Structure formats: structure tokens, C-alpha cells
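Let us take a friendly walk through one protein model and look at how its parts sit together. Have the sequence and the 3D view ready, and follow along residue by residue.

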Amino acid sequence: MHYLDNSATTQPCEAAVNALTEAIALWGNPSSVHHLGRTSADALAAYRRTVAKTLGLPRFSPDKLLFTSCGTESNNIAMLGCAAAKKRTPNADGIPGTIVISDGEHPSIENPAVRLSEQGYALVRVPTKDGVLDLDFLKNALENAKKSAAPVIFAAFMLVNNETGAVYDVKAASSLIKRYFPDAVVHCDAVQGYLKLRFTPTTLGADTISVSAHKIHAPRGAAALYISGEVIKRKNIVPVMPGGGQEDGFRSGTENLLSIAAFAAAAESGYANGEANRQAVSELRAYLNERLAELADAGVTQNLPAKRQLDNIASVVIPGVRSETMLNHLSAREVYVSAGSACSAHSKKKSGALTAFGAEDDRIDSTIRVSLSYTNTREDIDALIEGLRAGIADLQKK
Ligand code: PLP
């Protein structure tokens with residue numbers, strides 16, 4: 001098997017599997033006050049500290065790191081929690097505020113933003129043509145929001161686009177927003193960048209950050225949301241799911257200790273080996289690029305961001321072969337890749353991220369995403385190239 005779909009999910013690493021197995025003994029409810037509960041609560045606190053370290057959070061600070069079930073949940077808690085936090089006076093047009101996102105965001109940001117726009121918020125999508133956040137457009141939008149008295153309350157920018165691997169300049173966008181609207185909550189969906197790029201809340205200029213376990217070689221079922229102490233102090237986010245008040249009230253529901261234990265172990269190991277893992281992926285990517293160049297005669301190219309791309313993600317265009325057809329052909333050879341992103345693969349909708357990138361329809365129709373991890377080898381890439389070569393010979397419309 002040649003698994004080249006690591007942006008969809010990753011194989012759990014040994015540390016994660018061991019931690020999960022050990023955590024089965026911690027079946028007490030962390031909210032129970034007896035000894036069994038306390039043991040689980042202590043373990044939970046240790047897992048939290050481990051993940052916090054990987055985000056560069058100091059030991060004692062008013063910041064919060066919440067455990068959630070997935071990146072989607074973290075994104076929703078941040079955005080919907082911010083919208084619900086204050087009573088807002090609508091402007092002359094009845095608009096209570098503005099939400100800013102990029103036009104390449106994952107559905108877990110795009111769809112809650114659309115819901116808020118249906119509730120009356122103005123929604124601004126900053127273009128990401130060629131994988132670059134358009135900061136001039138953002139500046140104009142901020143000036144308009146100021147003039148029309150519809151203040152920006154929440155902005156979200158992903159660190160790495162899940163389809164193109166483009167790295168967005170979140171810090172620059174955040175600085176601009178804070179200049180016009182110091183009270184706005186700036187969120188970063190760092191799900192695809194976590195442990196692949198080094199960052200902290202300060203380097204991103206982010207008030208809230210989402211990361212997800214199953215993208216870093218832990219099983220599904222756990223994720224985290226960072227919330228800055230400043231946002232907590234200003235009460236700029238409130239809980240959206242009332243319940244037992246776990247996770248400082250922001251995410252009610254008994255914590256999933258098994259998945260969280262595995263998450264912390266994978267995070268710790270991924271953080272400790274970060275440099276070596278990045279180096280391994282960077283070498284694999286250079287090899288992938290070299291081998292893809294052999295298919296240039298068949299018109300094979302890549303959707304390459306103009307400024308910066310994460311080495312892990314290659315967006316490869318095979319003209320004359322529909323991505324789904326190529327995907328099935330590769331799958332029959334046990335080479336696993338995605339068409340666009342895994343989560344939109346079953347919808348017939350065109351990839352929003354590739355449209356935002358500026359790719360034409362026929363390119364979008366024949367784009368596959370190859371996503372690497374440090375667990376991959378050159379043999380995986382050789383199998384991909386041989387699969388593509390055979391697929392092109394059999395399937396390409398001449
Ligand atoms: N954000 C981005 C950029 C993603 O790529 C994904 C998943 O692919 C998510 C959010 C959602 O994460 P999860 O699958 O943990 O809900």
C-alpha cells in the first residue's frame with residue numbers, strides 16, 4: 001500500500017497507539033471528585049500541558065487550551081461563540097457586524113460564516129488568487145466596514161490551505177485587522193500547518209487557533225482550540241453548547257480521554273522530531289517534483305502557490321483525465337491520493353479552494369492532491385509515478 005493522502009488523515013503513530021492503550025485504564029470521569037476521577041483529571045491536565053507546549057504556551061498564563069472532538073468543532077466554537085458573545089447594535093442598514101474570512105477556507109469555517117451572514121452579518125471573503133491573501137482587498141474592506149459602522153467582530157484565516165498547500169500570511173492579515181478593529185477576534189485554522197510549520201499565537205497574531213489530532217498521526221476523536229487570555233477577559237467568546245461545563249464551560253461533554261491521550265503523545269513526539277520530520281518531507285517533495293517533471297510531455301503540471309507552499313501538499317494536474325477516474329485507477333494499484341480535499345470528494349461541487357486559487361475549470365476537474373508525511377518513502381512516490389504513467393497511457397483523452 002502507498003498512502004499519499006496524509007492531509008485527509010494520518011496513520012496513528014506508535015506513541016499514540018501506546019498512549020491510547022494505556023489510557024483505557026483511566027476510565028474514571030475526570031469530573032468525578034473521588035480518587036478514580038481525580039486520577040483521570042490529573043492525566044487530562046498533563047495531556048493539556050503537553051499539547052500547550054507544542055503551541056508555545058507558557059505554563060502559567062490566562063490563556064486556555066480546550067480539548068474538542070475535531071477541528072471542525074474548534075472552528076465552530078470560535079466563530080459562533082464570538083458572534084453570540086455580545087449584544088450588537090445594528091448599523092443604519094440593520095447589519096450588526098462583519099465577519100472576514102478568506103475565500104479558500106475549509107467548509108468548517110466557510111459554512112458557519114455563511115450561517116452568520118444569513119443571520120444578518122456582513123460576510124467579506126478575502127481573495128486568495130495564486131494562494132496569496134490579498135491584503136489590499138482586505139484593507140479596502142476594513143475601511144468600508146469602518147465607514148458603514150459594521151465593525152469586524154471575527155476574522156478567520158487558515159495557516160495552510162488543505163488543497164493547494166499555500167501558506168497564508170496570517171500575521172500580516174491579523175495586524176491589519178487589529179489596526180482598524182482592535183477588539184476583533186482573529187482566528188487561525190492551523191489544522192494543516194500544525195507541527196509542519198513552527199508557530200505560536202504571537203507569531204500568527206491569532207487570538208484563537210484550531211488544531212486536530214488525526215492530521216498529526218493520532219487517531220480521530222480529539223482536537224484543540226486555543227483561546228487567548230485577552231479574549232477570555234473581554235468575554236469575546238461565549239459557550240455555544242450548554243451542558244455540564246467541562247473545558248471551562250466552552251465545550252461541555254465528558255472528555256474523550258483515550259483520544260486526548262493519543263493526541264498528546266503524537267503531539268509530543270511530532271514536536272520533538274519536528275525538524276527531522278520536516279527535513280524528511282522536504283527531501284521527499286524534491287524527489288516528487290523531480291519525478292513529476294518526467295511526465296511533463298503528457299502535460300502534467302502543479303498548481304503552485306505564487307509565494308509559499310508547504311512541502312507536504314502537491315496539487316497535481318493531469319490534463320485529459322478526470323481526477324476521480326485517476327483516483328480510482330491509482331486506488332486499484334493501492335496508491336491512495338485525493339481529488340481536491342477528502343471531505344469534499346463525495347460532493348459534486350467544484351473545489352472552492354482551487355476556484356479561489358484561480359485554477360480554470362478543466363484544471364480543477366483533473367487535479368489530484370498528493371499529501372506526504374515523514375512516514376512516506378521514495379518507493380511510495382515511485383509507485384505513484386508508475387501509476388500516473390500507466391493511467392495517462394490508458395485514460396488520457398488525446
Ligand atoms: N481545517 C482544515 C484546513 C482542514 O483541512 C480540516 C480537515 O481536513 C479541518 C479544518 C477539519 O478538521 P477535522 O477533520 O478534525 O474536523
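The charged end of Lys146 is placed over the ring of Phe181, at 4.5 Å from the ring's centre. A second charge sits over a ring as well: Arg378 lies over the face of Tyr287, with 4.1 Å to the ring centre. Please keep in mind that this is a predicted model.

**Rings beside rings**

From charges over rings we can move on to rings that pair with each other. A pair of aromatic rings is described by two things, the distance of the centres and the angle of the planes. How many aromatic pairs are there in this model? The count comes to two. Here they are side by side:

| Aromatic pair | Centre to centre | Angle between planes | Kind |
|---|---|---|---|
| Phe67 and Phe263 | 6.1 Å | 75° | edge-to-face |
| Tyr194 and Phe199 | 6.5 Å | 55° | tilted |

The pair of Phe67 and Phe263 links distant parts of the chain. Phe67 belongs to strand β2 (residues 64-68), while Phe263 belongs to helix α9 (residues 257-272), and the two are 196 residues apart. Are these two rings buried or exposed? Phe67 has a relative accessibility of 1%, so it counts as buried. Phe263 has 0%, so it counts as buried too.

Now for Tyr194 and Phe199. Why is this pair called tilted? The planes of the two rings meet at 55°, so the pair is tilted, because planes under 30 degrees apart would count as stacked and planes over 60 as edge-to-face. Both Tyr194 and Phe199 are buried.

**Around the ligand**

Next, find the ligand in the 3D view. It is surrounded by 14 residues, and the closest are Thr72, Asp189, Gln192, Ser212 and Lys215. By character, this shell divides into nine polar, three nonpolar and two charged residues. Which element gives the largest share of the shell? That is helix α3 (residues 71-83), with three residues.

Some side chains come with distances you can check for yourself. A nitrogen atom of the ligand is 2.6 Å from a polar side-chain atom of Asp189. In the side chain of Ser212, an N or O atom lies 2.7 Å from an oxygen atom of the ligand. His214 also has a polar side-chain atom 2.9 Å from an oxygen atom of the ligand. On its own the ligand has 390 Å² of accessible area, and the protein covers 91% of it.

**Three more residues to find**

Start with Asp207, in the loop between α7 (201-204) and β7 (208-212). Its relative accessible area is 9%, so Asp207 is buried. What does the side chain of Asp207 reach? It makes a polar contact with the side chain of Lys178 at 2.6 Å, and it reaches the backbone nitrogen of Val186 at 2.7 Å.

Leu288 is found in helix α10 (residues 274-293). With 0% relative accessibility, Leu288 counts as buried. From C-alpha to C-alpha, Leu288 and Ala314 are 8.8 Å apart in space, and they are 26 residues apart in sequence.

Last comes Thr377, in the loop between β12 (367-371) and α14 (378-395). Thr377 has a relative accessible area of 32% and is therefore partly exposed. In sequence, Thr377 and Val281 are 96 residues apart, while their C-alpha atoms are 9.3 Å apart in space.

How values were computed:
Residues are numbered from 1 along each chain as its sequence is written. This is a predicted model: local features need pLDDT of at least 70, side-chain atom pairs count only at pLDDT 80 or more; totals for chains, interfaces and linings use all residues. Side-chain values use heavy atoms; hydrogens and water are left out. A residue is near a molecule or strand if one of its heavy atoms lies within 4 Å of it. A polar contact is a pair of N or O atoms within 3.5 Å; within protein, one must be able to donate a hydrogen and the other to accept it, and residues adjacent in sequence count only if both atoms are side-chain atoms. Accessible areas come from the Shrake-Rupley method with a 1.4 Å probe; for residues, only the protein chains shown count as cover. Helices (H or I, at least four residues) and strands (E, at least two) are DSSP runs, numbered from the N terminus. Ala, Val, Leu, Ile, Met, Phe, Trp, Tyr, Cys and Pro count as nonpolar, Asp, Glu, Lys and Arg as charged, and the others, Gly among them, as polar. Rings of Phe, Tyr and Trp (its six-membered ring) pair if their centres lie within 6.5 Å; planes under 30 degrees apart count as stacked, over 60 as edge-to-face and the rest as tilted. Buried means under 20% relative accessible area, exposed over 50%, partly exposed in between (1.4 Å probe, protein chains only). A charge sits over a ring if NZ of Lys or CZ of Arg is within 6 Å of the ring centre and within 35 degrees of the ring normal.
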